[in-house]
Amino acid sequence: MSDANTLERNSAWRGEIRATFKLGWPLAAANLLQMLVHAVDVIFVARLGELELAAAALAIALFGLIMWAFSGLTGMVAALIAEELGQRRHSVREVRRSVRMGLWLAVACGIAGMLVCLSGESLMRATGQDPAISTMAGRFLTIIMWAMVPMIIANVLRSFVSALGRPVFATAITASAIGVSALANYMLVFGHFGAPALGLDGSALASVVTASFIVLAYVIAIGTDRRLRRYRIFGNWWRPEWSRLRELVRLGTPVALTILAEAGLFSAAAFLMGRIGPVELAGHTIALQIAALAFQIPFGIGQAATIRVGYHYGAGDRDAVGRAGWVAIGMAMAFAAVSASAMVLWPMAMLGIYIDPYAPANAALVGFALQFLIVAAAFQFVDGLQAVAAGALRGVQDTRIPMLFAVFSYWVPGMGVSVLLGFYTPLAGVGVWLGLAAGLIVASILLLGRWMRRDRLNLDRHR
């Protein structure tokens with residue numbers, strides 16, 4: 001009997017590993033491809049000049065922060081869908097209700113984001129940015145803001161197809177969006193194929209075209225897939241489900257605030273680095289891009305953890321809840337070992353993704369970036385751990401306390417250590433990065449501790 005139980009447990013672990021990998025790799029790939037979509041915009045805008053690139057960078061920083069936070073809010077629809085599938089009671093109707101309210105919320109959030117974008121120039125000037133660049137950035141925002149609603153809608157549809165076992169749709173659609181973005185930028189920025197040469201405005205318009213294409217692609221994919229089509233998620237779209245909407249807002253708002261807390265720390269780090277020196281800021285920007293690229297893998301695994309944990313949570317299987325979370329954490333740690341090793345062993349190759357590390361003009365920048373990459377390599381493990389632990393906790397619909405953990409971790413030890421070591425010790429820029437690491441370390445300890453105490457706290461007991 002004991003041998004039979006052992007075999008059954010081993011089989012359950014192997015099955016969970018297969019399921020998490022099958023769900024996680026397309027999501028991670030889609031995250032990486034999404035970065036390439038943004039990279040296409042940068043490539044075209046950079047050819048317009050330094051002022052245009054600076055204006056676009058400021059505008060995208062604001063637009064991206066808003067969009068990312070609202071995507072975190074609406075993305076909690078994945079946890080609700082997974083829970084409903086796990087319960088298996090009227091799941092078609094319940095999933096349809098959750099997605100419908102997710103789409104309602106996406107439109108509302110998108111409109112709110114557009115209103116913020118309309119004040120973009122004033123916000124830029126208030127932060128002391130150059131008036132000419134602020135004007136260009138403000139105009140850019142008044143165009144790209146029309147991409148806000150379709151981008152957040154696409155996030156809800158991505159959550160739906162992923163929770164229903166079709167994450168590869170997200171990968172394929174995002175990959176296609178790279179081509180659409182490149183073509184739209186080529187046409188609208190420089191005026192090819194009969195289109196007007198709109199310069200910076202053309203790049204903003206290309207983002208609107210790309211976002212609209214992504215939404216249309218999801219609608220077509222959902223309509224042509226037999227399993228997805230049966231949920232009829234666009235049916236009765238006018239019918240409200242107020243209790244479901246309140247639940248989504250209750251669960252998703254802490255996620256949005258968590259994202260703002262973490263993104264705020266890394267944005268503030270750029271301002272701190274700018275006060276230390278422009279070359280240090282340039283090195284920081286490149287090193288952070290590499291760290292962000294590596295982060296997309298554990299981020300995708302964390303998204304898979306939310307769905308897998310949520311499914312078992314809905315089914316009331318507490319053992320499977322724990323198994324799903326630990327499998328995802330193990331996968332993230334395995335990847336962290338790979339990414340950290342690459343940063344330590346082949347740092348010049350990593351830098352070569354973005355710049356020519358051997359060009360004499362880049363020597364000082366590369367010197368600082370290499371120092372920062374060593375710290376980035378060290379925090380690969382805690383960054384992946386906090387991302388996946390947070391994703392697993394979202395699967396059991398625990399978002400409020402993790403939000404408090406995040407705000408404390410990033411803004412007390414994180415910012416505190418950055419300021420202390422960056423400005424009151426000879427470490428300077430390295431000190432700022434050690435502060436980023438400190439925030440991630442504290443967040444990972446607190447989140448992992450909460451995950452480990454889930455039984456005692458009854459987090460994994462379905463309500």
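Which side chains meet in a salt bridge at 2.4 Å, N to O? Select Arg 244 and Glu 94 to find them: their side chains form that bridge.

Before going on, a word about what is on your screen. This is a predicted model, in which local features need pLDDT of at least 70 and side-chain atom pairs count only at pLDDT 80 or more, while totals for chains, interfaces and linings use all residues. Residues are numbered from 1 along each chain as its sequence is written, and side-chain values use heavy atoms, with hydrogens and water left out.

**Stop 1: the charged network**

Keep Arg 244 and Glu 94 selected. A salt bridge here is a side-chain nitrogen of Lys or Arg within 4 Å of a carboxyl oxygen of Asp or Glu. Arg 244 belongs to helix 11 and Glu 94 to helix 4, so this pair links distant parts of the chain, 150 residues apart. Helices are DSSP runs of H or I with at least four residues, numbered from the N terminus.

Now add Arg 97. Its side chain also meets that of Glu 94 in a salt bridge, at 3.1 Å, N to O. Glu 94 and Arg 97 are three residues apart in helix 4, which means about one helical turn separates them.

How covered are these residues? The words used on this tour are buried (under 20% relative accessible area), exposed (over 50%) and partly exposed (in between), with a 1.4 Å probe and protein chains only. Glu 94 counts as buried at 15% relative accessibility, and Arg 244 is buried as well, at 16%. Arg 97, at 24%, counts as partly exposed.

Widen the selection to Glu 84, Arg 93, Glu 94, Arg 97, Arg 100, Glu 241 and Arg 244, and you have a network linked by salt bridges. The structure holds 13 salt bridges.

**Stop 2: the other end of helix 4**

Helix 4 covers residues 91-118, and Leu 115 lies in it. Select Leu 115 together with Val 107, Ile 111 and Leu 118 to see a nonpolar surface patch of about 360 Å². Patches are made of residues with over 30% relative accessible area and no salt bridge; like charges are joined within 9 Å, and nonpolar side chains (Val, Leu, Ile, Met, Phe, Trp, Tyr) within 5 Å. The areas come from the Shrake-Rupley method with a 1.4 Å probe, and for residues only the protein chains shown count as cover. Leu 115 itself is exposed, with a relative accessible area of 54%.

**Stop 3: a covered serine**

Go next to Ser 134, in helix 6 (residues 131-144). Is Ser 134 buried or exposed? It is buried, with a relative accessible area of 0%. Leaving aside neighbours within four places in sequence, Ser 134 is in contact (heavy atoms within 4.5 Å) with Glu 121, Met 124, Arg 125 and Gln 129.

**Stop 4: aromatic rings**

Rings of Phe, Tyr and Trp (its six-membered ring) pair if their centres lie within 6.5 Å; planes under 30 degrees apart count as stacked, over 60 as edge-to-face and the rest as tilted. By this rule the count comes to nine aromatic pairs. Show Phe 160 and Tyr 231, an edge-to-face pair at 5.9 Å centre to centre, with 80° between the planes. Phe 160 lies in helix 7 (residues 148-163) and Tyr 231 in the loop between helix 10 (226-229) and helix 11 (242-276), so the pair ties together parts that are 71 residues apart in sequence. Both Phe 160 and Tyr 231 are buried.

Trp 237 and Trp 238 also pair edge-to-face, at 6.0 Å centre to centre and 85° between the planes. Both of these tryptophans are exposed. For a cluster linked by ring pairs, select Phe 368, Phe 372, Phe 379 and Trp 433.

Back at Tyr 231, add Arg 230, which lies over the face of that ring at 5.4 Å from its centre. A charge sits over a ring if NZ of Lys or CZ of Arg is within 6 Å of the ring centre and within 35 degrees of the ring normal. Arg 454 lies over the face of Trp 451 in this way, at 4.4 Å from the ring centre.

**Stop 5: a loop and its bridge**

Finish with Asp 398 and Arg 450, whose side chains meet in a salt bridge at 2.6 Å, N to O. Asp 398 is in the loop between helix 16 (380-395) and helix 17 (400-424), and Arg 450 is in helix 18 (residues 429-452), 52 residues apart. Both residues are buried. In the loop between helix 16 and helix 17 you will also find Gln 397, with a positive phi near 60° in a residue other than glycine.

Note on methods:
Helices (H or I, at least four residues) and strands (E, at least two) are DSSP runs, numbered from the N terminus.
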